[in-house]
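Got the viewer open? Here is a short walk through the model, stop by stop, with something to select at each one.

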Amino acid sequence: MSAAADLPLWAALLVALLLLLGSGLTLLGAIGLVRLDSFYKRVHSPTMGTTWGTGGILLASMLFFTMTEGRPVLHELLIAVFVTVTTPVTLMLLARAALYRDRTEQSPHVPTFTAVSERSSEVVENGRPGEPGEPG
């Protein structure tokens, strides 16, 4: 008889729910990658889908193997740490490299950033403060 057959009903339902949640979030990230129109919009969706989707699947795996082996199984925590650390760093590096390339090539598709500086009322545009009194 398999170990999965000995799993209590509540644990089997929770594992199934976590697997569906994790795979659904990963699917949403993949759909976002296909549907969004620019690189800067596309890069965010799969990153979030991968991180949260992997989290759901790893929680399901931890619960399943903890219940079937009768002892805490925490190997998946190491995988979760690596995914949680490396995925956002990869996103940041890809976005910065694309932004540098687009600015160097003076591409019209460079996203603009406009914010109000916290220290004064000057407008900060594209990361460079404007002169006071200069229109933003």
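Before selecting anything, keep in mind that this is a predicted model.

**Stop 1: the whole chain**

Start with a cartoon view of everything. The protein chain has 4 helices and 3 strands, and if you trace it along the sequence you get the pattern α-α-α-α-β-β-β. Now colour by relative accessibility: of the 136 residues in the protein chain, 21% are buried.

**Stop 2: the α1 and α3 pair**

Select residues 9–35 for helix α1 and residues 44–69 for helix α3. How do their axes meet? They come within 7 Å and cross at roughly 165 degrees. Anything over 145 degrees counts as roughly antiparallel, so that is the label for α1 and α3. Rotate the view to check the handedness: α1 passes α3 in a left-handed crossing. Next, show the side chains of this contact, whose residues divide into 17 nonpolar, 10 polar and no charged.

**Stop 3: Gly 56**

Stay on helix α3 and pick Gly 56, which belongs to it. Is Gly 56 buried or exposed? Gly 56 counts as buried, because its relative accessibility is 6% and the buried class covers values under 20%. Then add Leu 20 and draw a C-alpha to C-alpha distance. Gly 56 and Leu 20 are 36 residues apart in sequence, and their C-alpha atoms sit 8.2 Å apart in space.

**Stop 4: Met 92 and His 44**

Move over to helix α4, residues 75–104, where you will find Met 92. With 36% relative accessibility, Met 92 counts as partly exposed. Now bring in His 44. How far apart are the C-alpha atoms of Met 92 and His 44? The separation is 9.6 Å, for two residues that are 48 apart along the chain.

**Stop 5: the salt bridges**

Time for some charged side chains. As background, side chains of opposite charge can pair when their charged atoms come close. How many salt bridges does a search of the whole structure find? It finds 3. Show these as sticks, one pair at a time:

- Asp 37 with Lys 41: the closest N and O atoms are 3.4 Å apart. Asp 37 is exposed, at 58% relative accessible area, whereas Lys 41 is partly exposed, at 46%.
- Arg 71 with Glu 69: the closest N and O atoms are 2.9 Å apart. Arg 71 is partly exposed at 42%, and Glu 69 is partly exposed at 42% too.
- Asp 102 with Arg 101: the closest N and O atoms are 3.2 Å apart. Here Asp 102 is buried, with a relative accessible area of 8%, while Arg 101 is partly exposed at 42%.

If you linger on one pair, try Asp 102 and Arg 101. One partner, Asp 102, counts as buried because its 8% falls under the 20% cut-off, and Arg 101, at 42%, counts as partly exposed.

**Stop 6: the aromatic pairs**

Hide the charged residues and turn on the aromatic rings. The count comes to 2 aromatic pairs. Select Phe 39 and Tyr 40 to begin with: their ring centres are 5.7 Å apart, and the planes make an angle of 80 degrees, which is an edge-to-face arrangement. Phe 39 is partly exposed at 35% relative accessible area, and Tyr 40 is partly exposed at 21%.

Then jump to Phe 64 and Phe 65. How are these two rings arranged? This pair is edge-to-face as well, 5.1 Å centre to centre with 85 degrees between the planes. Over 60 degrees counts as edge-to-face, so an 85 degree angle puts the pair in that class. As for exposure, Phe 64 is partly exposed with a relative accessible area of 21%, and Phe 65 is partly exposed at 34%.

**Stop 7: Gln 106**

Finish in the loop between α4 and β1 (114–116), and select Gln 106 there. What is the phi of Gln 106? Phi is near 50 degrees, a positive value in a residue other than glycine. Switch on the surface and look at Gln 106 again: with 71% relative accessibility, Gln 106 counts as exposed.

Notes:
Residues numbered from 1 in each chain as written. Predicted model: local features only at pLDDT ≥ 70, side-chain atom pairs only at ≥ 80, totals over all residues. Heavy atoms only, no water. Axes fitted to C-alpha atoms, helices over the stretch in contact; angles between N-to-C directions. Helix = DSSP H or I, 4+ residues; strand = E, 2+ residues; numbered from the N terminus. Parallel < 35°, antiparallel > 145°, perpendicular 65-115°, else oblique. Left-handed = near helix turned anticlockwise from the far one by under 90°. Nonpolar A, V, L, I, M, F, W, Y, C, P; charged D, E, K, R; others polar. Salt bridge = Lys/Arg side-chain N within 4 Å of Asp/Glu carboxyl O. Buried < 20%, exposed > 50% of the residue type's maximum accessible area, 1.4 Å probe, protein only. Phe/Tyr/Trp six-rings, centres within 6.5 Å; stacked < 30°, edge-to-face > 60°.
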